[in-house]
Amino acid sequence: MDSLKIFLSVGGTANEKQESFIQAIEERLRSENLIPNTVGRNQFSVDSPLKAVIECMKTSSGAMIIALERTYFPYGIEKRGGPKESELKEKRYATPWNQIEAALAYSKGLPIMIIVEEGIQEEGLLEKGYDWYVMAVKPDFSTLNSKEFNGVLASWKKKVEAFQIENAKDSRTSDLSLLTTGEFLRLLKPSQIWAILAALASLLAGAFALGANFHTPK
C-alpha cells in the first residue's frame, strides 16, 4: 500500500525535549509508511489556520493528537465567586488546538489516536471514555519502545488503512467511468441486473428484427 497521509495535531514545541519527542514520533510514523502533516509545522497556507486544518484533513486517513504542556498554573481558582469555587494547584494544559483538531477529525470519521503528556489536564476530547484510546506518556524516547505504544499504534494503523481503502472505494464508485465491469456489477442489486439483461435482450431482438426487414434475397 502507498504511503498514507496522517494529520498530526501538535502545538508549537516549548523546549528541546518536546521537539525531540515530536521528531521521534514523526520518524516512527514515516517508518510505518504514514506521512505526518501538521499545519504550521510542515504544512503552510495563506488561508486562516482553521481552514488550512480542514483542507489538510481532507487528504488524511487518520489523526494523531499529541497533547504536550503549553500552559502551567502554579495556583488558580475555578468558578471564582460561586458556591462551587475551588482552588487549582499545579495545573498544566495543552494547546486548545488539540481539542479543535480532535473534534474536526472525529466529525470527519478519521481514526484517532491520542497521546497526552503525563500531568496534563485531561478534559474535553483528551479525556478517556470516548471512541478512541487516550494514552498518558512521558515525552521521551522510551515511550516509543513500550508495549502499550506499539500495541495501540498497530491497532490504530489498521483502522487508518481500512479507512483509506473504504475512502478510495467510495471515491471510485462515485465515478462510474473508473469502474471495471466486475466492480460495476457488484454495485447492482439482483433486480437491477435482471432489468439490464432484459433491456439487452430486447435491444438484441429489435436488432435482429430490423436486420430481417432489410435483408434482400439473392
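**Close-up views of the predicted model**

**View 1. F149 has its place in helix α4.** The model shown here and in the other views is a predicted one. With a relative accessibility of 1%, F149 is buried, because the cut-off for that class is under 20%. Once residues up to four places away in sequence are set aside, F149 touches R28, M113, I115, M135, T143 and L144. V137 is twelve residues from F149 along the chain, and the C-alpha atoms of the two are separated by 9.0 Å.

**View 2. The largest nonpolar core consists of 23 residues.** F21, I25, M64, I66, M113, I115 and W156 are the members with the most contacts inside this core. At least two core residues come from each of β1 (4-9), α1 (16-31), β3 (62-67), β6 (112-117), β7 (134-137) and α4 (147-173). Another core, of 20 residues, lies apart from this one and includes V53, M57, A63 and V134. Which residues does M113 contact, leaving aside its neighbours within four places in sequence? They are A63, M64, I65, M135, F149, V152, L153 and W156.

**View 3. Helix α2 has buried residues on one face.** The buried residues in α2 are A52, V53, C56 and M57. Looking down the helix axis, these buried residues of α2 fall within an arc of 135°, so they line one face. The elements that cover them include β1, β2 (34-37) and α3 (96-107). L50 also belongs to α2, which spans residues 49-58. With a relative accessible area of 40%, L50 is partly exposed.

**View 4. L50, W97 and I100 make a nonpolar surface patch.** The area of this patch is about 240 Å². L50 is supplied by helix α2. For the protein chain as a whole, the accessible surface is about 13800 Å², and carbon and sulfur atoms account for 57% of that surface.

**View 5. T95 is in the loop between β5 and α3.** Is T95 buried or exposed? T95 counts as buried, with a relative accessibility of 7%. Its contacts, apart from neighbours within four places in sequence, are G11, L68 and R70.

**View 6. K79 and E90 are residues with a positive phi.** Most residues other than glycine have a negative phi. K79 is not a glycine, yet its phi is about 55°. K79 is found in the loop that links β4 (71-78) to β5 (86-93). A relative accessible area of 54% makes K79 exposed. E90, also not a glycine, has a phi of about 50°. Unlike a loop residue, E90 lies within a strand, namely β5.

**View 7. E69 and R92 form a salt bridge.** Side chains of opposite charge can pair when their charged atoms come close. In this pair the closest N and O atoms are 2.5 Å apart. E69 is in the loop between β3 and β4, whereas R92 is in strand β5, so the salt bridge ties together parts that are 23 residues apart in sequence. E69 is partly exposed, at 26% relative accessibility. R92, at 18%, counts as buried.

**View 8. E27 and R30 pair within helix α1.** Where do the two partners lie? Both are in α1, three residues apart, which is about one turn of the helix. The closest N and O atoms of this salt bridge are separated by 3.0 Å. R30 is partly exposed, with a relative accessible area of 35%.

**View 9. E87 and K89 form another of the salt bridges.** The closest N and O atoms of E87 and K89 are 4.0 Å apart. Both partners are exposed: E87 has a relative accessible area of 52%, and K89 has a relative accessibility of 54%. Elsewhere, E19, E26 and R41 are joined into one network by salt bridges that share partners. The search of the whole structure finds ten salt bridges.

**View 10. The protein chain has six helices and seven strands.** From the N terminus, the order of elements is β-α-β-α-β-β-β-α-β-β-α-α-α. The chain has 218 residues, and 31% of them are buried. Of the contacts between residues at least 6 apart in sequence, 65% join residues at least 24 apart.

How values were computed
Residues are numbered from 1 along each chain as its sequence is written. This is a predicted model: local features need pLDDT of at least 70, side-chain atom pairs count only at pLDDT 80 or more; totals for chains, interfaces and linings use all residues. Side-chain values use heavy atoms; hydrogens and water are left out. A nonpolar core is a set of buried Ala, Val, Leu, Ile, Met, Phe, Trp, Tyr and Cys residues joined through side-chain atoms within 4.5 Å. Buried means under 20% relative accessible area, exposed over 50%, partly exposed in between (1.4 Å probe, protein chains only). Helices (H or I, at least four residues) and strands (E, at least two) are DSSP runs, numbered from the N terminus. Contact means heavy atoms within 4.5 Å. Patches are made of residues with over 30% relative accessible area and no salt bridge: like charges are joined within 9 Å, nonpolar side chains (Val, Leu, Ile, Met, Phe, Trp, Tyr) within 5 Å. Accessible areas come from the Shrake-Rupley method with a 1.4 Å probe; for residues, only the protein chains shown count as cover. A salt bridge is a side-chain nitrogen of Lys or Arg within 4 Å of a carboxyl oxygen of Asp or Glu. The arc is that of the directions from the helix axis to the C-beta atoms.
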